[in-house]
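Q: I have a structure open and would like to go through it piece by piece. Let's start with a detail and work outwards.

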Amino acid sequence: MTNNQPFDLNLSDDQRMTRESLQRFAQDVLRSHSREADEATAVPADFYARSLELGLTLMPIPEALGGAGAARSPISNMLAIEDLAWGDMSLALGAVTPLSFVNTLLDQGSQAQQEKYLPRLAGESFIAASVALMEPRARFEASELRTTARREGSGYVLNGEKSLVALGLSAELLLVVVQLQDEEGTAAFIVERGTAGVSAMREETMGLKALELARIRFEEVQVEASARLGEDEKAFDLQRLVDLARIGTCALAVGTCQAVLDYVVPYVNERKAFGEPIAQRQSVAFMVANMAIELEGMRLLTWRAASRAEQGLDFHKEAYLARVLCAEKAMEIGSNGIQLLGGHGFIREHLVELFYRNLRAIGLLEGAAII
């Protein structure tokens, strides 16, 4: 398959049934608790236990390690994120964050690491696990990390600070991406909760308020060499992790933008001004049409990148283009949704302002939703 060939947009029967289940969950659970969770800046008490019943984390874990043993599918993961984000981006990202840890471990972890950690994540209780990549500075670039690891004795010592870490306060397991101090390149280390030298504080944000986003500091944190991700210290593929995460972030954008569009269409058809629905005004109709066009462009680029990832083809360019488009157009769609509601777009009675605030995060997140 070359870059110029089409890709298959047909879903399997299993994918269609899974989407129906996820869409019901998004409507009945995520959307119904969306405003409540945003106001409380916390998820409902039983949310993560209920999200565990979806089986997203369980599915790719091998049967021998307590999982369902399903083939890992970037397409299916991307579709799941899109469907859940339609309900609420904060709750969706919280629900799939442990899956990011699982996928990375399956993708680049050693057999010993998989055997040690995956059974814990395949259990009946929700285990918070996350990936810590971003750092608190302007114009963050994943290839220029300031969090470091240096060799000391038989292990490593980590120093630095990570920001916007999903589930960062409660994470039992953290995959920390660092710059190696004594050799070229980057690496990732698994850091368990309670490790000396690790401290965390919650970050207050404009959007994603229900998600537990944290800034985590590592001060002379000692870890064993076995905590370094991979087999025999083979090179860690940071770009692959970033590209897979970008597809996941784009899926969050697509799902949330679909929620914006689904909200404003009935509104402009029912809202009357000067005796007629405002949808009959050309400027309104054109704005809605443009939102739908840009959304389809976002969706197709995201699906294409996920399709190439699933086929084992190079997908770096496709993931990058999808993220560039989604970061720009998601913000535009969110802003236009506010504009179409007029004064109602400014008040909290309508969910569009919540969608808008959450969409502001699309251009910022790196390494948050690894498919």
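Q: Which cysteine sulfur is closest to the one in Cys326, and how far away is it?
A: The closest is the sulfur of Cys250, at 3.6 Å, which is too far for a bond. The rule for a disulfide is a pair of cysteine sulfur atoms within 2.5 Å.

Q: What kind of model is this, and how are residues numbered?
A: The model is predicted, so local features need pLDDT of at least 70 and side-chain atom pairs count only at pLDDT 80 or more, while totals for chains, interfaces and linings use all residues. Numbering starts from 1 along each chain as its sequence is written, and side-chain values use heavy atoms, with hydrogens and water left out.

Q: Back to sulfur. Where is the closest cysteine sulfur to Cys257?
A: In Cys326, 7.6 Å away, and that is too far for a bond as well.

Q: How many disulfides does that rule give?
A: Zero.

Q: Are Cys257 and Cys326 buried or exposed?
A: Cys257 is buried at 1% relative accessible area, and Cys326 is also buried, with a value of 1%. Buried means under 20%, exposed over 50% and partly exposed in between, with a 1.4 Å probe and protein chains only.

Q: Moving to helix 8. What span should it have?
A: Helix 8 covers residues 316-341, and its 26 residues should span 38 Å at 1.5 Å a residue. The C-alpha atoms at its ends are 38 Å apart, so the two values agree. The expected span is 1.5 Å times one less than the number of residues. Helices (H or I, at least four residues) and strands (E, at least two) are DSSP runs, numbered from the N terminus.

Q: And what comes just after helix 8?
A: Gly342, which has a positive phi of about 60 degrees.

Q: Which residues other than glycine have a positive phi?
A: Leu208 is one of them, with phi near 50 degrees, and Glu220 is another, also with phi near 50 degrees. Most residues other than glycine have a negative phi.

Q: Where do Leu208 and Glu220 lie?
A: Leu208 is in the loop between strand 6 and strand 7, and it is buried, at 2% relative accessible area. Glu220 belongs to strand 7 and is partly exposed, at 43%.

Q: What does strand 7 pair with?
A: Strand 7 (residues 213-224) runs antiparallel to strand 3 (residues 155-166), and nine bridges join them. Strand 7 also pairs with strand 6 (residues 198-202), again antiparallel, over five bridges. Two strands count as paired if DSSP finds at least two bridges between them.

Q: Which residues in strand 7 face Tyr156 and Val198?
A: Val223 stands opposite Tyr156, and Phe218 is the bridge partner of Val198.

Q: What about Val177?
A: Val177 is in strand 4 (residues 173-180) and is buried, with a relative accessible area of 0%. Its C-alpha atom is 23 Å from that of Ala251, which is 74 residues away along the chain.

Q: New topic, empty space. What is the volume of the largest pocket?
A: About 500 Å³. Of its 21 lining residues, Asp14, Thr18, Leu56, Met59 and Ser76 are the closest to its centre. Helix 1 (13-40) and helix 3 (74-87) are the elements that give two or more residues to the lining, and helix 1 has the largest share, with six.
A: On terms: on a 1 Å grid over the protein atoms alone, a pocket is an open set of points with protein on both sides within 12 Å along at least five of seven lines, a cavity is a set where a 1.4 Å probe fits but cannot get out, and lining residues have an atom within 4 Å of a point. Points are joined across faces, edges and corners, and the volume is the space filled by probe spheres set on them.

Q: How many cavities of 30 Å³ or more are there?
A: Five. The largest has a volume of about 90 Å³, and Val131, Leu164, Ala166, Gly367 and Ala368 are the closest to its centre among 15 lining residues. Strand 3 gives the most to that lining, four residues.

Q: And the second largest cavity?
A: Its volume is about 60 Å³. Its lining includes Ser51, Leu52, Ala95 and Phe126.
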